[in-house]
Amino acid sequence: MHDKTMTGAIAGGKTRKQSQFIEVMRRLMRNKLAVIGMVIFIIYILIAVFAPLLTPYNYAEFNLVEKNQLPSMAHLCGTDQFGRDILTRLFVGTRYSLGLGLGAVALGLVFGVILGCIAGYFGGWVEELIMRLGDLIQSIPAMLLAIIISIVLGSGFIQTIIALGFGRITLNARLLRAQFLSQRRLEYVEAAQATNCPKIKLMFVHILPNTISPLIVSSTMGVGGTIMMAANLSFINLGIRPPSPEWGAMISDANSMVRSAPFQILFPGLFLAIFVLALNLFGDGLRDALDPKLRD
């Protein structure tokens, strides 16, 4: 009888989770702007995956005979000062920019979740230490902090991910800690403690799933901002540097051509702006879909 009761409880829990997921997706699909943002995001991911197959050109091959050509049927976005096809470089650059954005957000999410769980659950001097260190880090503007770390670590893909993701650790930790404070005195937590549930299991298996929604929204919207910061780093010759076709590096590389060939800056700028806008639309819709106060 006890086994049947436990099985029924587990099945009921799974059913509730599935129904909640369906409800969130239903609300998300009703938001047309969020759907548009999600579709654009998926298109960018497909571009990143299949970039070498989408154009016949090599993104790194010089062809000085065709340098600075205006957009045409042969080169839809024109060519740069070295004769490289801009559209090809934009497609391949999607890999770099998406990798930087997703990698930095993932880094901040993983370590932020760990620190936020510890601070929110244990409290006391542990919480005070983590929060005061967070205050110290957050007192430095995010862009300035990324510049400092990039100067210390040097340029490179991994180094840039660390520089961009470090500042998000304290942001995520503070957000999750606030969610933990609202959950740790609830009945299901006290019941788990009464059964001597291991603290790690209690934090990461029981409490975390009930507090992760704000972090999902924050991280989704943070990808666009992080890619913007990566572009800024590349523009000042930090982070990813030419000839790697990261969007910010392409804009920096074409800075000297702004008067004679403005399209060399225009297309990377548009590519970047559309992607950031799409992620913001998707993030706004996801926030509304996950907000229990907005459920009808």
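Buried means under 20% relative accessible area. The model used in these exercises is predicted.

**Exercise 1. Val24**

Task: Decide whether Val24 is buried or exposed, and find which residues it touches beyond its sequence neighbours.

Solution.
- Step 1. Locate Val24: it lies in helix 1, residues 2–29.
- Step 2. Take the relative accessibility of Val24, which is 12%. The cut-off for buried is under 20%, so Val24 counts as buried.
- Step 3. List the contacts. With residues up to four places away in sequence set aside, Val24 touches Ala289 and Leu290.
- Step 4. Check the chain separation. Val24 and Arg287 are 263 residues apart along the chain, and their C-alpha atoms are separated by 9.9 Å.

**Exercise 2. The whole chain**

Task: Describe the secondary structure, the box and the burial of the protein.

Solution.
- Step 1. Count the elements: the protein has 11 helices and zero strands. From the N terminus on, the order reads α-α-α-α-α-α-α-α-α-α-α.
- Step 2. Take the box along the principal axes. The C-alpha atoms fill roughly 80 × 40 × 30 Å.
- Step 3. Apply the burial criterion. Of the 296 residues, 41% count as buried.
- Step 4. Look at contacts between residues at least 6 apart in sequence. Of these, 73% join residues at least 24 apart.

**Exercise 3. Helix 4 against helix 6**

Task: Classify the packing of helix 4 and helix 6, and sort the residues of their contact by character.

Solution.
- Step 1. Choose the descriptors. Two packed helices are described by the angle between their axes and the distance between the axes.
- Step 2. Read both. The axes of helix 4 (residues 124–138) and helix 6 (residues 157–183) come within 9 Å and cross at roughly 140 degrees.
- Step 3. Classify the angle. Roughly antiparallel needs an angle over 145 degrees. Helix 4 and helix 6 are therefore oblique to each other.
- Step 4. Assign the hand: the crossing of helix 4 and helix 6 is left-handed.
- Step 5. Name the partners. Helix 4 contributes Glu127, Met131, Gly134, Asp135, Ile137 and Gln138. Helix 6 contributes Phe166, Thr170, Leu171, Ala173, Arg174, Arg177 and Leu181.
- Step 6. Sort the residues of this contact between helix 4 and helix 6: six are nonpolar, three polar and four charged.

**Exercise 4. Helix 7 against helix 8**

Task: Give the geometry, the hand and the residue character for the packing of helix 7 and helix 8.

Solution.
- Step 1. Geometry: helix 7 (residues 187–194) and helix 8 (residues 199–207) have axes 11 Å apart, at an angle of about 145 degrees.
- Step 2. Hand: the crossing of helix 7 and helix 8 is right-handed.
- Step 3. Partners: Tyr188, Val189, Ala192 and Gln193 of helix 7 meet Leu202, His206 and Ile207 of helix 8.
- Step 4. Character: the contact of helix 7 with helix 8 has five nonpolar residues, two polar and no charged.

**Exercise 5. Gln183**

Task: Find which side chain makes a polar contact with the side chain of Gln183.

Solution.
- Step 1. Place Gln183: it is in helix 6.
- Step 2. Check its exposure. Gln183 has a relative accessible area of 15%, so it is buried.
- Step 3. List its contacts. Neighbours within four places in sequence aside, these are Tyr188, Val189, Ile207, Asn210 and Thr211.
- Step 4. Pick the polar partner: the side chain of Tyr188, at 2.8 Å.

**Exercise 6. Pro245**

Task: Say where Pro245 lies and what it touches.

Solution.
- Step 1. Pro245 sits in the loop between helix 9 (213–235) and helix 10 (247–253).
- Step 2. Its relative accessible area is 0%, so Pro245 is buried.
- Step 3. Pro245 and Gly93 are 152 residues apart along the chain, with their C-alpha atoms separated by 4.6 Å.
- Step 4. Not counting residues up to four places away in sequence, Pro245 touches Tyr59, Arg89, Val92, Gly93, Tyr96 and Met250.

**Exercise 7. Two positive phi values**

Task: Place Asn68 and Asn196 in the chain, and state their exposure.

Solution.
- Step 1. Recall the background. Most residues other than glycine have a negative phi.
- Step 2. Read the angles. Phi of Asn68 is near 55 degrees, and phi of Asn196 is about 60 degrees.
- Step 3. Place them. Asn68 is in the loop between helix 2 (32–54) and helix 3 (86–122). Asn196 is in the loop between helix 7 and helix 8.
- Step 4. Assign exposure. Asn68, at 28% relative accessibility, counts as partly exposed. Asn196, at 67%, is exposed.

Key: Residues numbered from 1 in each chain as written. Predicted model: local features only at pLDDT ≥ 70, side-chain atom pairs only at ≥ 80, totals over all residues. Heavy atoms only, no water. Axes fitted to C-alpha atoms, helices over the stretch in contact; angles between N-to-C directions. Helix = DSSP H or I, 4+ residues; strand = E, 2+ residues; numbered from the N terminus. Parallel < 35°, antiparallel > 145°, perpendicular 65-115°, else oblique. Left-handed = near helix turned anticlockwise from the far one by under 90°. Contact = heavy atoms within 4.5 Å. Nonpolar A, V, L, I, M, F, W, Y, C, P; charged D, E, K, R; others polar. Buried < 20%, exposed > 50% of the residue type's maximum accessible area, 1.4 Å probe, protein only. Polar contact = N/O pair within 3.5 Å; in protein donor to acceptor, adjacent residues only side chain to side chain.
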